[in-house]
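I opened a new notebook page for this chain. My plan is to go from surface to metal site to cysteines, then to the overall figures.

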Amino acid sequence: MNDSVKKMALALGAGLISFTAFSQQGDPKLTEVWQPVPKIVTPGNTPSDAPSDAIILFDGRNLDKWRCGKNADTTQPAGWTVANGVITVKKGTGSIETKQRFMDYQLHIEWRIPANITGSGQARGNSGVFLASTGAGDVGYELQVLDCYNNTTYVNGQTGSIYKQAIPLANACRKPGEWQTYDIIWTAPRFNEDGSLKSPARVTAIHNGVLIQNNTELKGITQYIGTPYYKKHGASSIKLQDHGDPSEPISFRNIWVRPLD
Ligand code: MG
């Protein structure tokens, strides 16, 4: 066999191999999807900064997006303190909640336990993020805020727990006095016309970059005593807890939300 015949044989062989591979796997274009095109969202400078489509719930200036959540009277203004770009719980004024109501969302919130925190167990920097406020007072689904850096309590009530329902996957607490982040993905529960549950609430939460709740299915609204249960509701406020104990006040900043429905 001379060189030109050898080259031709090699080329034919290579062509046969590529044809066989193509026919075994099919046309890759058949599995390409081109619609719908995701919307463009311009990210913030860092993952903590609000992206372009976020609703800013607190920008460091005022509590205009919030109201008092203590009573059924929803016209009462939020009673917490705003100073130096930070909201601080004002003990006894009641929890505060967003005026706007949400179904599914992505939420970013930053919180700080005071450096000089005192107390122990549940009485050490206790607050909380009620992912959906379903009634006046502290009624709803609570993601716990607490100092557990060097503090022991029941594990289904520690920082990052769904209070008395779901133990966090990790304790990612920073020291009191340092700012901490929660990034939360909330899927609201759905209900049938007759009030029965259609699909439960779900939550994924990341604490200081660490996954602490992984698509956790909720059993109902948070109960201090007894077992959680569901009661029909629709879009709801997001509420921050005034736990009202003697602990030094907790602060919040940089709160933004992206509705997902
Ligand atoms: Mg709490």
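Before anything else, I fix my terms: a residue is exposed when its relative accessible area is over 50%, and buried when that area is under 20%. I also note that this is a predicted model.

**Entry 1, surface.** I looked up tyrosine 224. Its relative accessible area is 59%, so I log tyrosine 224 as exposed. I find tyrosine 224 in the loop between strand E13 (210–217) and strand E14 (237–240). Which residues make the nonpolar surface patch? I list Tyr154, Tyr224 and Ile225, with an area of about 370 Å².

**Entry 2, metal site.** Next I went to the magnesium ion. I read off its donors: Asn126 (OD1), Ser127 (O), Glu142 (OE), Gln144 (OE1) and Gln241 (OE1). Their distances run from 2.1 to 2.3 Å. Along the sequence I write the donor spacing as N-S-x14-E-x1-Q-x96-Q. Asparagine 126 sits in the loop between strand E6 (105–112) and strand E7 (127–135), while glutamine 144 belongs to strand E8 (residues 139–145), so this pair ties together parts 18 residues apart in sequence. I checked burial too: asparagine 126 and glutamine 144 are both buried.

**Entry 3, glutamine 122.** I stayed with the loop between E6 and E7, where glutamine 122 is also found. Buried or exposed? Glutamine 122 has 15% relative accessibility, so I count it as buried. I then pulled its contacts, leaving out residues up to four places away in sequence. Among them are the metal donor Gln144 and the patch residue Tyr154. I also see Leu146, Thr153, Gly157, Tyr163, His243 and Asp245 on the contact list of glutamine 122.

**Entry 4, cysteines.** How many disulfides does the structure hold? I count zero. I wanted the reason, so I took the sulfur of cysteine 148: its closest cysteine sulfur, in cysteine 173, is 5.2 Å away, too far for a bond. My cut-off for a disulfide is 2.5 Å between the sulfur atoms. From the other side, the closest cysteine sulfur to cysteine 173 is that of cysteine 148. Cysteine 148 is buried at 3% relative accessibility. Cysteine 173 is buried as well, at 13%.

**Entry 5, whole chain.** I closed with the overall figures. The protein chain has one helix and 15 strands. Of its 261 residues, 42% are buried. For contacts with a separation of 6 or more, I note that 66% link residues 24 or more positions apart. The accessible surface comes to about 14000 Å², and carbon and sulfur atoms hold 55% of it.

Terms used:
Residues numbered from 1 in each chain as written. Predicted model: local features only at pLDDT ≥ 70, side-chain atom pairs only at ≥ 80, totals over all residues. Heavy atoms only, no water. Donors = N, O, S within 2.8 Å, 3.2 Å for Na, K, Ca; no water. Helix = DSSP H or I, 4+ residues; strand = E, 2+ residues; numbered from the N terminus. Buried < 20%, exposed > 50% of the residue type's maximum accessible area, 1.4 Å probe, protein only. Patch = residues over 30% accessible without salt bridge, like charges linked within 9 Å, V, L, I, M, F, W, Y side chains within 5 Å. Areas by Shrake-Rupley, 256 points an atom, 1.4 Å probe, with all protein chains shown as cover. Salt bridge = Lys/Arg side-chain N within 4 Å of Asp/Glu carboxyl O. Contact = heavy atoms within 4.5 Å.
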